[in-house]
Amino acid sequence: MTFIQTSPVSHAQHHAHPVMGSLNGMEIALEFDSPQIQQAYAALAGIAEFSAFTRFGIKGAGAAEWLQAKGISLPSAANSWLMQDSTLVLRLGNSEYLLEDQFIAGHASALAQDSAPVGAKLYPVARSDAALVLSGQHALAILAEACALDIAAELAQPQRLLMTQVAGISVTVLKQTLNGESVYRLWCDGTYGAYLWHELSTMAQEFGGGPVGLSFYFK
Amino acid sequence: MPLRLLKYALSRKHPAPRFFRDCTEPKKSYDAVIIGGGGHGLAAAYYLAKDHGITNVAVLEKGYIGGGNTGRNTTIVRSNYLTPEGVNFYDASVKIYEGLSEELDINLFYSTRGHFTLAHTESALRTMRWRAEVNKHVGVDSYVVGPDDISRACPQLDISCSGKAPILGALYHGPGSIARHDAVAWGYARGADSMGVEIFQNTEVTGLDIQSGKIKGVHTSRGYIATNKVLSAVAGFTPRITNMAGVDTPIVIHPLQACVSEPMKPWLDTILVSGSLHVYVSQSSRGELVMGSSLDPYEVHSTRSSLDFVEGLTSHMLDMFPFLSNVKIVRQWAGMADMTPDFSPIMGTTPVEGFYLDAGWGTWGFKATPISGKTMAATMANDKAPELIQPFRLSRFEDYDLTGEKGAASVGH
Amino acid sequence: MSKRLPPRAGEWLKRDKPISFYFEGQKYQAYEGDTISSALWAAGEQVLGRSFKYHRPRGVLSLANHDVNVMLADGTDTNMRGDVLPVQDGMQLTVVNTDGGVKKDKKRFIDAISSLLPVGFYYKAFHTPRSLFPFWENIIRKSAGLGVVNFNYPRELKRKLHTHCDLLIIGAGPTGLTAALMAAPHGVNILVVDENAQAGGSLSYDNGGSDEAAKRLAELLSELGKYPNVTIRTGAYAAGYYTDHLIPIVETTGITKVRAKAVIVASGAFEQPPVFRNNDLPGVMLATAAQRLLARYAAKPCENAVVFAANKQGYRAAMDLLDAGVSVKAIVDLRADGEPCSLVAAVKSRGVNIYNGSCVYEVLPAANKFGVKGVVICSYDEASAKPLLHDRFTLECDGVIMSAGWAPAAALLYQAGTGMRYEKSAEQFVPAKLPVGMFAAGKVNGIFDLAQRLQDGARAASEALTYLGKQVPSVTVDREYIGSPSHPYPMVEHPEGKNFVDFDEDISIKDFVHAAQEGFDNIELMKRFTTVGMGPSQGKHSNMNAIRILARIRQLPVERIGTTTARPFFHPTPIGHLAGRGLHPHRLTSLHGWHEAHGAEFTDVGVWKRPAWYRRAGLEKQQAIYEEALAVRKAAGMIDVGTLGRLEVRGPDAAEFLERFYTGTFKSQKIGRTRYALLLDEAGVMVDDGIACRIAEDYFYITASTTNAAAVYREMQRWLQIWQLDVGLVNVTGAYGGINLAGPAARGILSKLTVRPLDDASLPFGAVCDTEIAGVPTRLIRVGFVSDLAFEMHVPAGSAQHVWNALLEHGAAEGLRPFGTDTQRLLRLEMGNHLIGQDTDGLTQPFEAGSEGAIQFDKPFFIGQRSLQIIARKPLNKRLVPFTLSQGYQGETINECNLVIGADGNIKGRITSIAFSPSAGCHIGFAYVDPANTDEGAAFNIRTDSGSLVMARVAATPFVQLQSEA
Amino acid sequence: MKLLTCPVNGTRPLSEFVFGGELRAMPDPAAVSDSAWAAYVYNRIGAPGLKKEWWYHSPSGTWFVAERNTLTDQVARTYLYGQEAQA
């Protein structure tokens, strides 16, 4: 029996009546508005949901070795990230890793479909993150209200990621160039997804921006 | 207008005498020494003299009288606690307060406004019922009311709290009052002084003289003072004094902050407390909103203010009173709260003979000022704590016999 | 009559933008750039407000953003500050706290009887007899306060932003701007803030008869314009200093929380009024106020001025007045030796008489005290601070310009913990020991001469840069005074008083004398007794004089008196600004949307929103809950348990870890089985409970209560660090959804969705397995919390909706319906399961709750074990028992927390849970009772709300028949 | 707001942290007397001074030790539990 998964954020999006579609078996908002408007939102202050990407999480003193054995190259420093093929590899703190395939299946899917990892000091981390993208000229201004850190300075160093608080909840943040635009990627516990989406999209709208569907980035 | 005021005002020269002498030269010894010139210490001195005829007493205050938590609290007086021990104790305090302006002949502006402890959740409401039942049992006027009753008493309150935390009910406590905190200290100081007690300001205790388990005297910035009865009534400074005495206690110091708005025409006639939103607020006779919140989350021995406190408090104030957006906060401040594991005070004797402790008041020492003074005076006079404060003895922790106020863990002001 | 001057260089007015507004019902003309006060003054209006206590007419005092006697209302807002707020076209303004308007204020009589209301009078009256106090209090409360709050004022959203900079400079006067200019080339990012509408500080008004200041300002601004790393924000005040250089900058649009690496405080000084009779009348103002009026707003302070000076500023103001065409009748200089600087010759040359060693003894009021008619001048003996009346004479004038000294605007320095000392040569408190990373320069640092202030700005900049690790040469400043900027005691006594020190609170010299006589003779007590400095201006114009007066009374040097602590905020700051957006983070399960769409009534459980019950057409809440409960007993029900804490404990030492953490045994636990897990704190108090599922030898899957999950996981992490066991912890709470399917039909429904055999043999009570439900990988647990036939399904959060729908689809026919937490409470009660947090409180230990069974004492260690060993030897004073009321009880409703009363009339315990159970057909519950009275069938009394006693009996659990026995 | 430095994640405002109380050595439960145990459970070194404390960085789930002066609120240093030497 096949089934469709719901995104952790969808509840907060219904009122905007997005065009939904399925990616990796998850129902996700593809379009909130006409391409022109989405373009405008994205340029000013756009917020999009990437939760449907496949993720694989693992932690423990043995995680790095195990992943490398699987041919995954890992960020050398704690709290940094790299892109291998089409997979985002996040090193969360010292010994926890999160792999996320971007748009197309990659290492995360492969590892997820593998048999459960076995090895010493090796602990799989089940994930169901809400994954958001904040874009546009006002993205920093929104983060300046929602986050106490000097995001621009903290993320000036390429490949760095932050585990901090945004709008009062724990969030992992990094800066990335997507389709030539530099955007902010945010991950939080899925159960906070609807809340975070609501607050950030409210702020985005105050800047003349708004929600942007996944298809806008699917190029 | 009362005649005495007219007389007082019309007389050319200012007739009012000093409230208390300006003592600077301590004697070699006293029958009793009280460390701490706040409400509690001064009240203890007053009742030592008045109830027990012990007048050869020195009160040592490192700063100025009433300059500690006496002058930093939000002046709420109530007795609707959770345990019979707590209710009885605070009720005795309220009863003294009601006649205290007359007794001390100073207007304490003891103003009975009614006190609502708001419940935003079922579990909070359950705790309110628990308190109400215990209060009823002990004979204290306190009962659970519904949202309509709250609206009637405070029509400006948004019962839905901007939809963030709708109010389900409240514990109403008719006798809940506010008072002029400074005046309480001044009144007791004058009363004690008039019976011979000597009050030394700017006098810091630097050490305790303890020999074979007995207190012999205190070292101060004004020299050594011999005595065999010492009371420590220093709230946030308690650990520093008990350290000198080598007495271990569970007390940990957390700052408690408060702030006050600009004056506006009085509109808030009741005292409101919201546990879930961490707000307590009343409007003073000057027209200022006096607001407080929960304790700072970590130990600091200072009275610095923090921005996050006032940000959180004001945000919750707006949930309750959305129209206050442009009303201004004039001043914020902090006190050092001496917290205990069971949210109850520590009163009575200690392992050191002649060294008595009046501490652990956390956030609610002001409302206990008269009764703690009275009972600690009795404790010092008889070297035995009266029944009323037995539940608060220091040894209860060693005995695993805590007082249950923590059962109602939430903002308790 | 208009006091507006023709256009002047550097004025802040936009002459091309005329506007009109209403004040107390009368129409006035103004220009954009005017404040309300400047517009009214320019229009010839002198009475701008009434004082708080005596309702005396007040006009312009300082024009330095703390003239709180001018408070206005516009029908929407109140307590609006006339000297700060820009006037806007069409404004309809009235003065607050008057009875009949600012001119006809009926309360002005209070001024006449002010002698009846001496300082502290309210401590001395109204309290006897006690019975009358409420009457007096009512009157006092009516007269309290300023403006009337508008209960319909909209909740405004003010954004609060965080920003970070290397160097924050507070004050855009000559000192601050120079500091910025010196620091700018060194590649640090600099933020300069100033509370005024435009940058420049004294350069924008203090001309002293020359155009040097204006030129200097133009230079500085154009130079600074070249640096992109320098931002200047005006109309922005620094509200306070907080730990680690956090400084909120307040603007009308909102607050910016600035985190600075280094801070230069160049906030200047507040001019302080000399104290003499009627120094508060409209038309009497500070020299810098007059200069601000002239330079910024092109308005004359008056036509014929008398300048009362005790420093150079008075003479500079005199020059500016003369240049503006104001006739200066005289300069009255308090100092016997007069002013040493060259301006003396300049003013003399323009025909101004100077009276040295003299004072303004009193100001003669015009009709209604609405203005100045003249002044009485006489000699003054500085040593004794006494006016010498023998030579007094009267001089006609319509304005008095006063200038006697300054107080540093040092609030932020104090808040940051700066040690201050009294600089005798300047007669001012100045910073002695600054906190790391804080620097002070200019007037706040006791330096007044313009050239020296510029040097001092450069000096502070070089010190700040050095602190920031830059290599810069050090700068030295020559701090010397040609005549002290402040007079040590600019007070003129008067038998009739009304010589005001604090204009907010109407406090005059005699009030301090009286306070001291009554023993309030240290600055803090005096502040509290007299309320000096407690008004909205927080003592900006009064604290320094209060200190000088107290010093004189006690015959101590000023430094021995010290200062009162300056608390935030620097200016009164709006609640809406501080509150900002007001976020309330909350968690939702992936089924939330479905619950909402199907009539769920939500309740807050910790940070979660959970369905309490589901609305049903035509059913009251209680009825709906009964139906949900009956469905579970008779058919099947399901509840969203996605909020449960889910924690994974993995590794070789997993069982060992759990045996130390929880009270039970886990090493012997079989794979595929669950065990109850009870957590205590070190005092032996019950903290949380859940179940531990053993998935593999080295893999446990633990549930924790919704509200405690985060804390339990935190404690696990902490103890793991201490114990250093070979274990890994993963918090998967949010990763999984959870559904609990319960009731006789549960097995049947579930079997349609899985191939996994569910019979008691293959999946007995307490078993756990990983399988597939409706195609979804599921962790399936046979639990018994709400029914002895119940299945808990833990699935990936995103799949929960699919499983939920599938269950409904296949269960509808069997009578399956969802239930909420209220129903769950009833169901678990029927099963005889107590709930930590409801049936226990913050101090309950296992012996009281009857949870001994969950405790394995013969283990080397578990958290709380040692305390329990001590507690076990002590007599128990209450114990939790299940109870029932008599069948068919129809009496008064018994509520949770009704008390259990013993024969002796004392409290023995309380009801912690009670409900009518439709299945058991009677009231059931849990209660704490006398430990000696806990046998099944034992009776005890419950006191109802009304006080009557109802008998209950200890019962056996479960209260309902089990499915297995059915 | 006060700043605190997590050994792994760096300097953050206090709102990202949970205070875990004083870092105290547990006496041997088997050897210790009842009253000494009760003292361990309830009593604290209340007097101000430099103390070792537990702090938890919530966003990353990191417990660490801070040496903080409870009088001045100045943090001398922070390090992961058991890594005092390397700090």
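Let's start with one pair of residues: the side chains of C:Arg873 and D:Asp34 meet in a salt bridge, with N and O 2.2 Å apart. Keep in mind as you look around that this is a predicted model. The pair has company, as the rule finds two salt bridges across the interface of chain C and chain D. Polar contacts turn up here too: twelve residue pairs make them between chain C and chain D, counting pairs with both residues at pLDDT 80 or more.

Which parts of chain C supply the side that touches chain D? Helix 20 (709-723) and helix 25 (865-872) each supply at least two residues of it. Helix 20 of chain C gives the most, with eight residues. Sort that side of chain C by class and you get seven nonpolar, five polar and eight charged residues.

Now step back and take in the whole interface. On the chain C side, 20 residues are in contact with 19 residues of chain D. People often describe the size of an interface by the accessible area lost when the parts come together. For chain C and chain D, the buried area is about 1,900 Å², and carbon and sulfur atoms give 53% of that. Three residues deserve a look here: C:Arg718, C:Gln721 and C:Arg866 supply 33% of the area that chain C buries against chain D, more than any other three residues.

How do the other chains fit in? Five pairs of chains touch, and the most contacts are between chains B and C. Chain A and chain B, on the other hand, do not touch, and their nearest C-alpha atoms are 12 Å apart.

Next, head for the inside. The largest nonpolar core has 214 residues. Among those with the most contacts inside this core are B:Trp186, B:Tyr188, C:Phe21 and C:Phe308, along with C:Ile331. Try zooming in on C:Ile331: leaving aside neighbours within four places in sequence, its contacts include C:Val307, C:Tyr315, C:Val347, C:Asn353 and C:Tyr355. There is also a second, separate core of 50 residues, which includes B:Leu60, B:Val352, B:Tyr400 and C:Phe862.

Finally, visit chain A. A:Ser86 is found in the loop between strand 6 (80-84) and strand 7 (87-92). Is A:Ser86 buried or exposed? A:Ser86 counts as buried because its relative accessibility is 17%, and the cut-off for buried is under 20%. Beyond its neighbours within four places in sequence, A:Ser86 is in contact with A:Glu100, A:Asp101, A:Gln102, A:Ile104, A:Ala105 and A:Gly106.

Methods:
Residues are numbered from 1 along each chain as its sequence is written. Chains are lettered from A and ligands numbered from 1 in the order in which they are written. This is a predicted model: local features need pLDDT of at least 70, side-chain atom pairs count only at pLDDT 80 or more; totals for chains, interfaces and linings use all residues. Side-chain values use heavy atoms; hydrogens and water are left out. Contact means heavy atoms within 4.5 Å. Buried area is the accessible area (1.4 Å probe) that two parts lose on being put together, summed over both. A salt bridge is a side-chain nitrogen of Lys or Arg within 4 Å of a carboxyl oxygen of Asp or Glu. A polar contact is a pair of N or O atoms within 3.5 Å; within protein, one must be able to donate a hydrogen and the other to accept it, and residues adjacent in sequence count only if both atoms are side-chain atoms. Helices (H or I, at least four residues) and strands (E, at least two) are DSSP runs, numbered from the N terminus. Ala, Val, Leu, Ile, Met, Phe, Trp, Tyr, Cys and Pro count as nonpolar, Asp, Glu, Lys and Arg as charged, and the others, Gly among them, as polar. A nonpolar core is a set of buried Ala, Val, Leu, Ile, Met, Phe, Trp, Tyr and Cys residues joined through side-chain atoms within 4.5 Å. Buried means under 20% relative accessible area, exposed over 50%, partly exposed in between (1.4 Å probe, protein chains only).
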